[in-house]
Amino acid sequence: MPRYHISLTVNGDLHELNVDARQTLMQVLRQDLELHGTHEGCGSGDCGACTVLMNNEPVPSCLVLAADAHKSAIVTVEGLVQNGEPHAVQKAIVAHGGIQCGYCTPGIVISSVALLQENPHPNEQEVREAIAGNLCRCTGYQKIVDAIVAVGHE
Amino acid sequence: MSDFSVIGKRVPKLDALDKATGRAQYGHDLDLPGTLVGKILYANVPHARIVNIDTSRAEKVRGVKAVLTGKHSGAHKFGYGGDNTPLKGDKVRCRRDEIAAVAAMDDDAADEALELIRVEYEELPPLFSAEAALAPGAPLVHQDRADNLFLRYNYAHGDAERAFDEADEIIEQEFFLPYVTHAAMETSFALAAFDLQNRLTLWSTTQIPFLLQRDLSEALGIPGRDIRVIQPVIGGAFGRGLDVYPFEPICALLAKYSGKPVRIAFTREEEFFATAARQPAHVKMRSAAKRDGTLWAREAHALLDAGAYISWGAVTPLVMMETVASLYRVPHAKFVADVVYTNNIPTGAMRGYGNPQSTFFVETQMDILAEKLGMDPVEFRLRNANVPNSETPQGLKITSCGLRECITEVAERIGWERRAGPNSETRLANTTPPQETLQIQTRNPKIKRGIGIACTLNVGGGARIYRSDGCGATVKVDDFGRVTLISGSTEIGQGSETALAQIVAETLGVRVDDVTVINSDTSVKPWDVGTHASRTTFIAGNAAWIAANEVREKILDHAAQMLNVPANQLEMRDRQVRVRGDGKGVAFDKVVRAMHYREDGIVVSGTGWYDPPTKLVDKHTYKGNISAAYGFGAQAVEVEVDTETGQVRVLKIVAAHDVGRAINPMYVEGQIEGGAQMGVGYALTEELQVREGRVLNPTLLDYRMPTALDMPPIESVIVETADPAGPFGAKGVGEMGGNPTAAAIANAVYNAIGIRLNHLPMTGERVLRALQEKERSAAQA
């Protein structure tokens with residue numbers, strides 16, 4: 001199987017990697033870089049648990065081949081914590097009770113951060129649309145939506 | 001009682017920040033040095049004799065360290081029905097039967113090895129429905145049984161036959177309920193490692209670590225004392241982890257034969273076909289009422305397709321019968337359920353454990369009876385509601401009960417007065433609706449709106465379905481005032497460990513973040529039957545409270561000596577032990593140090609064991625008080641039905657639930673709202689499509705769970721009745737939220753379009769077909 005040399009900036013750190021042609025960005029993040037916050041829920045782009053920011057756009061990292069991520073900038077859920085301070089979205093989702101099992105949470109946090117970059121004050125419907133690609137089985141979404149709307153009001 | 005400092009507060013989950021920042025370690029994140037990949041070969045034929053398995057080529061693949069078949073797993077039977085083996089040696093009973101397993105150094109080697117295993121089958125005639133399996137002369141799924149009927153439940157109180165003769169209004173219908181599945185966001189996982197003394201450690205996504213110890217002991221033929229189960233952070237379960245699955249002993253066998261740690265992480269596809277879905281049911285049911293509005297009788301016959309092996313899910317008729325016999329005051333009831341072996345996928349326990357199913361058919365018929373009586377559905381329900389301090393004919397001892405408050409709350413908040421009268425037929429045809437219904441008409445005449453209600457009764461004080469319904473706890477305090485609770489119970493994401501920490505913190509007068517909860521290792525924590533039946537806050541909460549109280553008494557005794565006042569004048573609050581009504585006090589941690597650092601010093605700790613005063617149901621009558629408390633709830637929903645496409649949209653859910661007392665209102669609401677979400681899926685979109693024993697839609701794209709856009713706003717209302725047996729008055733809430741939702745939606749759909757759909761899910765296709773059917777018969781009339 002052919003291998004590719006790629007360089008990738010993840011959460012501000014530059015990585016030089018030698019990847020299998022079939023390897024996905026998610027596998028590189030989880031296995032090679034041990035960033036376990038990016039979760040695999042399906043491996044086929046249906047659940048959104050592995051969503052990361054790639055050049056500032058939210059993408060399901062299981063659908064991106066690592067080789068195609070060459071020279072891109074990735075932000076994972078771990079990278080949102082700056083100087084020990086969690087991102088406003090992370091704090092809000094905690095405070096509003098938007099987390100139960102938490103497996104979908106990193107993907108939802110990333111999708112929400114992407115939304116807030118485009119639209120700093122989203123209404124409830126806009127939040128629901130932004131996270132419609134992130135399945136959550138625990139919460140009924142209400143508290144997640146409340147949390148993201150609240151961040152926009154801060 | 002409002003004087004609590006921690007109870008009733010909206011405290012974030014102890015692990016929430018770790019989960020929000022990607023630090024929580026789930027099973028899928030675990031690895032030990034040298035861990036091999038384990039993979040399973042499934043039969044993919046529904047019913048067959050295994051003639052030969054050739055693994056010789058698979059064994060030669062580079063990187064493969066073990067290839068196992070039935071001959072390695074032996075004849076040790078396990079599971080609730082005692083009918084399963086890890087790998088099948090002689091016979092295939094369903095397509096997902098585990099035939100062989102490999103452990104290899106990487107995914108590629110494991111996949112290649114699986115492809116090279118050759119299995120020769122002699123196919124047998126398959127049974128794809130419970131009806132076919134019960135037909136005379138049907139082939140046997142299990143050769144050692146006389147027939148395919150695993151179990152018949154036969155319950156009765158009063159005299160149902162006579163009652164139906166005496167009744168004024170009767171409704172009789174058939175209901176069809178689909179396979180649905182947990183679809184937890186994290187798929188099932190196991191990591192097995194043996195030490196050189198042949199002791200097994202299994203990391204698992206289980207909900208029942210101690211029963212799993214026993215199950216693994218049976219499946220592997222090794223002593224339970226040599227098995228340690230560790231639970232990493234679990235990414236949802238919803239009943240999935242209530243049973244041992246073959247992949248868990250298989251993982252252990254691979255570790256044993258390879259001499260290396262082995263991990264098995266299910267793919268999403270495996271998660272859909274190789275865990276245990278909620279069983280499909282075909283139910284014939286009738287209900288009756290007296291003209292004065294008294295609910296008079298119910299009779300239900302349920303046929304349940306258990307699949308090829310029996311799990312704890314076979315016991316779900318116990319819960320179905322509870323709803324049939326005891327939701328509202330029912331003078332006469334009869335319930336018969338047959339649990340049948342077929343060659344379909346094995347089924348199991350899922351949140352509500354029979355209750356979402358039975359609530360759907362019971363509450364549909366409550367609505368129809370109200371209409372037949374010319375009564376408002378809310379009034380009919382209030383009139384027949386369960387009441388506090390009563391005993392149902394089934395033997396349920398209802399102590400606290402807020403059913404009436406729940407009904408009143410949801411009716412008021414949904415705006416029940418806007419609902420059209422019971423005869424929505426008139427409204428459907430009526431282009432100028434009466435004034436009072438005007439508000440809920442839409443501008444588009446093709447879109448119809450309706451409102452519906454349904455209620456639920458659920459065990460809320462444990463459920464004795466095993467010899468013990470107990471849980472143990474230990475509380476200890478260190479010199480710095482850090483409190484550690486070691487609880488037997490299991491956290492699966494629902495937030496119980498935070499509720500337990502609040503109970504301990506309140507008892508000892510410390511902050512919630514002063515409490516650490518350890519609850520994930522069978523070699524550390526005391527026994528517990530497992531997380532099921534909405535029992536953890538109630539049962540484990542009582543155990544934690546008992547243990548914390550022992551510590552409290554020890555500390556108060558010692559502080560009394562230090563302060564030279566009687567212990568009964570002291571209170572523990574704000575990390576202080578102080579004289580009530582006085583300012584005088586001493587720091588909590590200082591008292592603890594004083595207890596340690598002296599001659600005859602003691603460990604400041606306490607233990608608790610709580611097993612509720614309940615009984616297993618009688619083996620023959622199925623009567624008895626299975627739970628120490630009962631939870632109640634009502635949900636009202638407003639829906640919109642597009643009569644051109646058949647699509648049903650839920651616009652609003654109001655859910656009021658009697659939880660005794662909310663230890664943490666935020667997560668009580670979370671349980672209600674998450675339950676309602678599963679209820680919306682059950683009502684409208686979710687169906688695991690199983691044809692000829694094969695799951696046709698094993699992806700999260702084709703198995704339609706509600707997204708954030710599909711879910712309406714949910715208004716949760718907490719009704720508090722301070723249960724006398726619950727910790728600080730709390731009752732369980734884990735399952736209730738999902739029980740009445742589908743029934744409430746079905747009743748609202750009827751209110752909108754005048755059609756009763758007795759076949760879940762109410763997909764656009766089904767609704768549209770029913771609308772066309774109705775139009776045709778109207779045209780013919």
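In this predicted model, chain A carries 8 positive and 17 negative side chains, and the centres of those two sets sit 6 Å apart. Chain B has many charges to place: its 85 positive and 98 negative charges have mean positions 1 Å apart.

Now for the fold of chain A. Its secondary structure adds up to five helices and five strands, and walking along the sequence gives the pattern β-β-α-β-β-β-α-α-α-α. The radius of gyration is 15 Å, close to the 15 Å from the globule rule for 154 residues, so chain A is as compact as a globular protein of that length. Taken along the principal axes, a box of roughly 45 × 30 × 25 Å holds the C-alpha atoms of chain A. Burial is counted for 60% of its 154 residues. As for contacts in chain A with a separation of 6 or more, 52% of them come from residues 24 or more positions apart. The accessible surface of chain A is about 6,000 Å², and carbon and sulfur atoms account for 48% of that area.

Chain B can be described in the same terms. Here the tally is 20 helices and 32 strands. A compact globule of 781 residues would have a radius of gyration near 28 Å, and the 28 Å found for chain B agrees with that. The C-alpha trace of chain B spans about 95 × 80 × 50 Å along its principal axes. Of the 781 residues in chain B, 65% are buried. When contacts in chain B between residues at least 6 apart in sequence are considered, 80% turn out to join residues at least 24 apart. Chain B exposes about 27,800 Å², with 49% of it supplied by carbon and sulfur atoms.

What about the cysteines? The count of disulfides over all chains comes to zero. A disulfide is a covalent bond between the sulfur atoms of two cysteines. For A:C42, the closest cysteine sulfur belongs to A:C47 and lies 3.8 Å away, which is too far for a bond, given a cut-off of 2.5 Å. A:C42 is buried, at a relative accessible area of 12%. A:C138 is likewise in no disulfide, and its nearest cysteine sulfur, that of A:C101, is 3.8 Å away. A:C138 is buried too, with a relative accessible area of 4%.

A few spots in the backbone deserve a look of their own. Most residues other than glycine have a negative phi, and most peptide bonds are trans. Against that background, the peptide bond from B:L760 to B:P761 is cis, with omega near -5°. B:P761 sits in the loop between α19 (741-753) and α20 (764-780) of chain B. Over in chain A, A:N56 is not a glycine, yet its phi is positive, near 75°. This asparagine, A:N56, belongs to the loop between β3 (51-54) and β4 (57-60) of chain A. With 47% relative accessibility, A:N56 counts as partly exposed. Chain B offers another asparagine of this kind: B:N198 is not a glycine either, but its phi is positive at about 65°. The place of B:N198 is the loop between β9 (189-194) and β10 (200-204) of chain B.

Technical notes. Residues are numbered from 1 along each chain as its sequence is written. Chains are lettered from A and ligands numbered from 1 in the order in which they are written. This is a predicted model: local features need pLDDT of at least 70, side-chain atom pairs count only at pLDDT 80 or more; totals for chains, interfaces and linings use all residues. Side-chain values use heavy atoms; hydrogens and water are left out. Helices (H or I, at least four residues) and strands (E, at least two) are DSSP runs, numbered from the N terminus. The radius of gyration is taken over C-alpha atoms; the globule rule is 2.2 Å times the number of residues to the power 0.38. Buried means under 20% relative accessible area, exposed over 50%, partly exposed in between (1.4 Å probe, protein chains only). Contact means heavy atoms within 4.5 Å. Accessible areas come from the Shrake-Rupley method with a 1.4 Å probe; for residues, only the protein chains shown count as cover. Lys and Arg count as positive and Asp and Glu as negative; His and the chain ends are not counted. The place of a charge is taken as NZ of Lys, CZ of Arg, CG of Asp or CD of Glu.
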